[in-house]
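User: I am new to this structure and would like to learn its terms by example. Please take me through it step by step.

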Amino acid sequence: MLNLRTCAAKLRPLTASQTVKTISQHRPAAPRTFQQLRCYSAPVAAEPFLSGTSSNYVEEMYYAWLENPKSVHKSWDIFFRNANAGAAPGTAYQSPPPLTTSLSTLSQAQSLVQAQPNVDKLVEDHLAVQSLIRAYQIRGHHVAQLDPLGILDADLDSSLPADIITSTDKLDLAVFKERLRVLTVGGFYGLDESDLDKVFHLPTTTFIGGNESALPLREIIRRLEMAYCQHIGVEFMFINDLEQCQWIRQKFETPGIMQFTNEEKRTLLARLVRSTRFEEFLHRKWSSEKRFGLEGCEVLIPALKTIIDKSSEKGVDYVIMGMPHRGRLNVLANVIRKELEQIFCQFDSKLEAADEGSGDVKYHLGMYHRRINRVTDRNITLSLVANPSHLEAADPVVQGKTKAEQFYCGDTEGKKVMSILLHGDAAFAGQGIVYETFHLSDLPSYTTHGTVHVVVNNQIGFTTDPRMARSSPYPTDVARVVNAPIFHVNADDPEAVVYVCNVAAEWRSTFHKDVVVDLVCYRRNGHNEMDEPMFTQPLMYKQIRKQKPVLQKYAELLISQGVVNQPEYEEEIAKYDKICEEAHARSKDEKILHIKHWLDSPWPGFFTLDGQPRSMTCPSTGLNEEDLTHIGQVASSVPVEDFTIHGGLSRILKTRGEMVKNRTVDWALAEYMAFGSLLKEGIHIRLSGQDVERGTFSHRHHVLHDQNVDKRICIPMNHLWPNQAPYTVCNSSLSEYGVLGFELGFAMASPNALVLWEAQFGDFHNTAQCIIDQFICPGQAKWVRQNGIVLLLPHGMEGMGPEHSSARPERFLQMCNDDPDVFPKLDDFDVRQLYECNWIVVNCSTPANFFHVLRRQILLPFRKPLIIFTPKSLLRHPEARSSFDDMLPGTHFLRVIPDSGPAAQNPEQVKRVLFCTGKVYYDLTRERKARQMEADVAITRVEQLSPFPFDLLQREAQKYPAAELVWCQEEHKNQGYYDYVKPRLRTTINRAKPVWYAGREPAAAPATGNKKTHLTELQRLLDMAFNLDAFKDLA
Ligand SMILES: Cc1ncc(C[n+]2csc(CCOP(=O)(O)OP(=O)(O)O)c2C)c(N)n1
Ligand SMILES: [Mg+2]
């Protein structure tokens, strides 16, 4: 087309012979002769209208005509023929004959056209019509009748777009005239009332013609209004891809495309019956219980079922869903098909909980169900992810789980597993996590190959009006950033809703990209059933009171169409009411509430049938020398041919190689050993986070880049063993909330994977706090769902300023569920204590211990989240090395590393025990050595902070009977570990002695921004730690 344009543009100034030459140079071989071209080019080029903006249109027409004279409207055919025959400029035009007999107004049109010899005007009019068509495609949704209440504008703007001629579907002449006048005066189209019955050729960018290539303007407008201004508002013209735009245009413009069979209408009615009667049933039985009913958007149930049916038809067999409170019970009952009695017994507050943990309210629980899809007769698994009350927080979790399910079944294109995310209008517009999640949608290691988003747009958020809740026209505008088409639909038109949902599912299966269905509806009751909406929305609710329920409206419509009759309709209702009543009767037999029944991700085979761990032991996490050496060698080499790595990296790998020869590991190698060994055992590993491939501190280098070939990479970890599990390492987008949520979801899918998220610096986890507080910390307690995700949080005071220093250990420790005041009555702290905690928090001081704790994470017979404060300066610290000896079979993770020097040889003489964790250990040992106090002061490292190693620390304390006990940390007193450790240490010694503090003073910021102050503070804390008189006066 570009070539065509160029050459047609050149027609004007060129002579005939020049034109032939130009075209023969540029045009691809076409099955037409140059003879024709030669004859026509000069006269056509001489036409006066072939100047300015009209030339594009004419050239398209002209080349279409050259290809096939029948492909253009007759008027153009005649025009080009006349020009060919040598008609003088301005005289080639003749009015066309009627197009088809089906166009009733054609004879009138013909006479109008004949009456207008001005070709200039003809071309301009065609251009105007093209613009008009485009205006509908772009802005028709602003005019669509989307609000079932008819009081609000879904786009928060009551004005009409200036370039659309609209009188809704009536084409009322007076309204039309007025619009036309405004538009003409405004200079938009230059059309006129008399143009209404003229016939215009349709451009290829519209499908309103169906089989016809030209239509009278009146009909064009009518069809555009039918396509774009009824109950569906299609927002798609921002999409950058022509094929995708054409696909959508075809789906909405093709005349008569929205047809439903009677069977389909009956199914739709039956689904509406279920949706509506379910809420009514709950209301009848538990009128004062919160359930966040769906009234006002009952159509959500048929909408979701349509998306699932269509996706199933296209080959999907696993749908993972995330949704907020609104209509959740209805979705569980009627989409996922959770047994009704299980739902009903959640309303019985007298039932005792069978499972440990807090449990959760009924509208947060998840679900997993496999069944036959009745429409497609194919198996389908539906899972609804449990979520906290924090709106939209589950979005990335659902995506992560979906990605994992796709990954584990080899579904690389998302053809088998898909996600559906539901949103409320206020939350979708207001919550930033929505944006973060959208930005994961097309990244190679995070894409789920298209999500169908459904917004329950009831035009209110609790009590807040949309005008106060968002600055964008629609609540869905955030989806535009990823070029997702958005289908707004009036939820009181169930057929329009179902149509749109079918298109959305087809879109996903065709393009594997996100799509949004915006169900513009209302909320019949208050925010919940106890809430009074009239306080704040009196007018809206007056209107709502008058609003006929959608089921009633649709039933009346189908009855009037003769699709069903009244008794059939009533029977459908009675049938479903009976199902509910019977389930209710059965629910009374339930004695105990099982949250286990609400698990969204069962791990078959991992637990016993009762859901218990298969053992309460953990094997040694050590590894044989051969494997350690092999992994070390791969880690220090480039396992593919002809691959040039950066010179600096060669040196790093060489150093690694030397370490392996010396049977030692640093931090990066220890991580390599842990990962590599688990891969051998079939454990998939996924490490995700910002810049994790190289490592923020340039220590990891898990992805090598060929310095000579763009984008050629090598991941040595995937070259370790012949049948190893795959290793995924992926740099993430610059998001914490979204990415951590995603990885948490990924870790949910299988217990046989080690999923790690690394923060760039530990403090950045605070923007993911919701995932930590709402999912990771209490997930098992609320939803009996275990999760073995690992958080790697670089932490340490290195004089780098208040940011980048602290991963905020105090926050994680404050949320640990072990009792500070009770010495646990356990015969096995190693495993049982881990089983009972809500998460594990460690700060390792040696690479070997880091290696063990990573391996233990998988070798444990259950899964717990693991928080690791990882070092920065220790990555290269010459003393922070471990020998292979500490990693061999029989070795294991050390919860506490006792002192093994002179102090430990003569414990009675020891005057002080310094308990510490992490990197400060190296500062303390250096200082102790400098002060020659190795016999006076013992240094005990607490490697596992939580669950607290009461048993081992008790032993340590007892070993040094004469010693003072001091907790030493580099963090400020109100931060770090002190508040957590102190009461627990006191419990280990029966509160027989004080536990003193050596460390920085309390402070608001995590660290000073001044390097000198940093060093002064460090020296002060070291002085305190080794000044044996420091606490004398305080005792
Ligand atoms: C992150 C977050 N902030 C605030 C709330 C409190 N809250 C619960 S529902 C709600 C209104 C939600 O409105 P909308 O998203 O439109 O859903 P609707 O209830 O209308 O279906 C609010 C503010 C919450 N649950 N989560
Ligand atoms: Mg809302």
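User: Where is Pro947 found?

Analyst: Pro947 sits in the loop between β26 (944–946) and α34 (950–959). Helices (H or I, at least four residues) and strands (E, at least two) are DSSP runs, numbered from the N terminus. This is a predicted model: local features need pLDDT of at least 70, side-chain atom pairs count only at pLDDT 80 or more, and totals for chains, interfaces and linings use all residues. Residues are numbered from 1 along each chain as its sequence is written, chains are lettered from A and ligands numbered from 1 in the order in which they are written, and side-chain values use heavy atoms, leaving out hydrogens and water.

User: What kind of peptide bond joins Ser946 and Pro947?

Analyst: The bond between Ser946 and Pro947 is cis, with omega at about -5°. As background, most peptide bonds are trans, and most residues other than glycine have a negative phi.

User: What makes the phi of His449 worth a look?

Analyst: His449 is not a glycine, yet its phi is positive, at about 65°. You can find His449 in the loop between α17 (432–438) and β9. Asp691 is another non-glycine residue with a positive phi, near 60°, and it lies in the loop between β14 (684–689) and β15 (704–705).

User: How do you know whether His449 is buried or exposed?

Analyst: Buried means under 20% relative accessible area, exposed over 50%, and partly exposed in between (1.4 Å probe, protein chains only). His449 has a relative accessibility of 14%, so it counts as buried. Asp691 comes to 40%, so it is partly exposed. Glu927, in helix α33 (residues 920–930), is at 9% and therefore buried.

User: What makes α15 a good match to the span expected for a helix?

Analyst: The expected span is 1.5 Å times one less than the number of residues. Helix α15 (residues 394–408) has 15 residues and reaches 21 Å from its first C-alpha to its last, close to the 21 Å expected. In α15, 13 of the 15 residues are buried. Just after α15 comes Gly410, with a positive phi of about 70°.

User: Which residues are closest to ligand 1?

Analyst: The closest are His325, Arg326, Ser389, Asp425 and Asn458, in a shell of 15 residues. A residue belongs to the shell if one of its heavy atoms lies within 4 Å of the ligand. Helix α16 (residues 425–430) gives the largest share of that shell, 3 residues.

User: How do you know that Asp425 makes a polar contact with ligand 1?

Analyst: Here a polar contact is a pair of N or O atoms within 3.5 Å. An oxygen atom of ligand 1 is 2.5 Å from an N or O atom in the side chain of Asp425, so the pair fits that definition. Another oxygen atom contact, at 2.9 Å, is to a polar backbone atom of Ala427.

User: Why are Asp425, Asn458 and Ile460 called donors of the magnesium ion (ligand 2)?

Analyst: Donors are N, O and S atoms within 2.8 Å of the metal (3.2 Å for Na, K and Ca), and sites may look incomplete because water is not among the atoms. Asp425 (OD), Asn458 (OD1) and Ile460 (O) lie 2.0 Å from the magnesium ion, so they qualify. Asp425 in helix α16 and Ile460 in the loop between β9 (451–457) and α18 (466–469) are 35 residues apart, linking distant parts of the chain. Both Asp425 and Ile460 are buried.

Definitions and conventions
A polar contact is a pair of N or O atoms within 3.5 Å; within protein, one must be able to donate a hydrogen and the other to accept it, and residues adjacent in sequence count only if both atoms are side-chain atoms.
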